[in-house]
Amino acid sequence: MTAEAPIYTLSEGCPYADPSTAQRFGNSPVKGLMLLQDTQLIETLAHFSRERIPERTVHAAAVGAWGEFEVTHDNSRLTSASFLNGIGKKSKVLLRISTVGPERGSAETVRDVRGWAMKIFTEEGNQDFVFNSIPVFFVRDPIKFPSVNRSHKRNPAKNTADSTMFWEQVLNVTLPDGRWLIPSSSFHNNNQEGIHALMLLFSSRGLPSSLRQINSYSGHTYKLTKEDGSFVYVKFHFKSNQGVQGMSLEQATKLAGEEPEHHTIDMWNAIERGEYPSWTFCAQVMTADQAEKYRWNIFDMTKVWPHADFPLQPLGKLTLNRNPENYFADIEQAAFSPSTMVPGIAPSADPSESPSLRPSAGLLPRAYADRDGAMRYMTNYGDDPNYVRSSLRPVTFRGSLGANGSANGGREHEDWVGKVTAYASEVTDDDFEQARAFWKVLQTAGEQESFVDNVVAHLKSAMARVQQGAMDMFSRVDPAIAKAIKAGLDKHSAIQTDQPSKK
Ligand code: NDP
């Protein structure tokens, strides 16, 4: 809020008398005809119908805050990235934590992965991280990314979430004229490489108590690079200093009705109280030589690097300490791109990591060759040359060039990866091994029973053969899981028929 009362103007800045008036023709103050010449009226109505920006297809509903990133360790052995070097150095941060499937305005206490989109404002440009609250993903072939997301969203005919569609592709909707509709997306029983992520989703990690109590993970493998061209492979982790805590299905369901913005309120109030949530930023570090010999494909996003093999090394600390001044301006409009990387951080040959959108709204002052275009609101670089290799105003370059053209350094290691070919990856028994390790983690945590309850709660409305397909998939992790799921479905008398759902 500004101190002085601002002067009201039209959108181009011209002062105007009274924002509540409209021009009319005629003498009567009530019956006069409205005039199209009334710029204020037209502008006001036109702006109202345009004041939303298109909703994100995924990650539409979010909570966000400002904060700072502080270097807590000497990381010079790993990277030359300026924001990661110099103990005590601080950089401004914006963090946006989202659910994935549900629309903007939906209840926040739902079972879902949380997206973790973060912008670190460094003296070498912005560093964007686009992480998730679980360490693995449902697919490793990016071509399947739209499908997995659609299967977690709404059935295209019924416009409801649909557990049958989530688990399996079937003919499940009869149209009034008797035709059956094939949903355009389907998923997990047919794409079993996702079993590891699926198990995390149905564990307590899929339903966090608050967003202060989640971890986040790069999932993807990055490179940390140095100016001499050397590099290491890394997976990043943000570990909550508040501890990780889940919520029961009953509590979540109640809150979804009583306080659907529970996570927003919790985060806002904690920051207002001065209880600033913080996370320890860590990396698992692997050399190129280790990568070549490692039993797991380090570019497979359905796999973790077990802690025992590659322990977490702390690098820094993230603290959230300021609520948004305006949600739309600060959080809703924020755009993040995994391709935005500072020198010292580089992509790896991870197939699902290909840089995506580069929003024009994110243009920075020194990207001098890019001119004009939509949303050019900051600077258009005056009369700086708009062509390369100008002798009138030469530009300087930093660092050694990586193969991706950025100043990230990082000797290439692509010869190890091999030639480019097109294929869909096969599902093998290996895909079930880490899921099995996770089942043991759940045993230690005393969470196996609630995991089964969570799966049953979702699976109970799916068709019988879809339920069977899911049980067959869980059998490959451990037959005991399928047995417990079957018992759960029987208890709820929830074994369905194979008839198309009439809902
Ligand atoms: P460890 O056996 O060394 O440790 C288990 C890890 O599992 C913990 O560090 C913790 O990750 C996570 N975890 C602990 N309790 C729970 C729980 N109740 N629900 C969900 N996650 C929990 O791990 P490994 O590295 O040998 O991996 C074993 C399994 O643990 C993996 O297959 C994976 O499913 C899961 N895991 C592994 C991670 C990794 O990066 N290696 C990260 C997260 C989960 P955290 O400290 O990150 O909270």
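Leaving aside neighbours within four places in sequence, which residues is M199 in contact with? The list runs A435, F438, W439, F451, F474, V477 and I481, where contact means heavy atoms within 4.5 Å. The model is a predicted one, so to speak for its limits: local features need pLDDT of at least 70, side-chain atom pairs count only at pLDDT 80 or more, and totals for chains, interfaces and linings use all residues. Residues are numbered from 1 along each chain as its sequence is written, and side-chain values use heavy atoms, with hydrogens and water left out.

M199 turns up again in the largest nonpolar core, a set of 42 residues in which W167, M199, F451, F474 and I485 have the most contacts. A nonpolar core here is a set of buried Ala, Val, Leu, Ile, Met, Phe, Trp, Tyr and Cys residues joined through side-chain atoms within 4.5 Å; buried is under 20% relative accessible area, exposed over 50%, and partly exposed in between, with a 1.4 Å probe and protein chains only. Two or more residues apiece come from α3 (163–167), α4 (195–201), α10 (430–444), α11 (448–459), α12 (464–477) and α13 (479–491). Helices (H or I, at least four residues) and strands (E, at least two) are DSSP runs, numbered from the N terminus. Domain 1 (62–139 + 191–356) and domain 2 (432–497) each supply at least three residues to this core, with bounds from an automatic or database domain assignment. Another core, of 36 residues, lies apart from it and includes F69, F83, V93 and F131.

Then there is the annotated site. An unreviewed UniProt entry puts the feature "active site" at H59 and N132. These two span 74 residues in sequence, yet no two of their C-alpha atoms are more than 10.9 Å apart, so they gather at one spot. UniProt positions follow the numbering used here, feature names are shortened, and annotations may be inferred rather than shown by experiment. H59 sits in the loop between α1 (39–48) and β3 (62–71), while N132 belongs to strand β6 (residues 125–132). N132 is buried, at 13% relative accessible area. Neighbours within four places aside, H59 touches N132 as well as R96, S98, T99, V100 and G115. On the same basis, the contacts of N132 include H59, G115, N215 and Y217.

As for the ligand, 17 residues surround it, and H196, N215, Y217, K239 and H307 come nearest; the cut-off for being near is a heavy atom within 4 Å. Polar contacts (pairs of N or O atoms within 3.5 Å; within protein, one must be able to donate a hydrogen and the other to accept it, and residues adjacent in sequence count only if both atoms are side-chain atoms) fill in the picture. A ligand oxygen atom lies 2.9 Å from a polar side-chain atom of N215, and a backbone N or O atom of Q434 is 3.0 Å from an oxygen atom of the ligand. E447 places a polar side-chain atom 2.9 Å from a ligand nitrogen atom.
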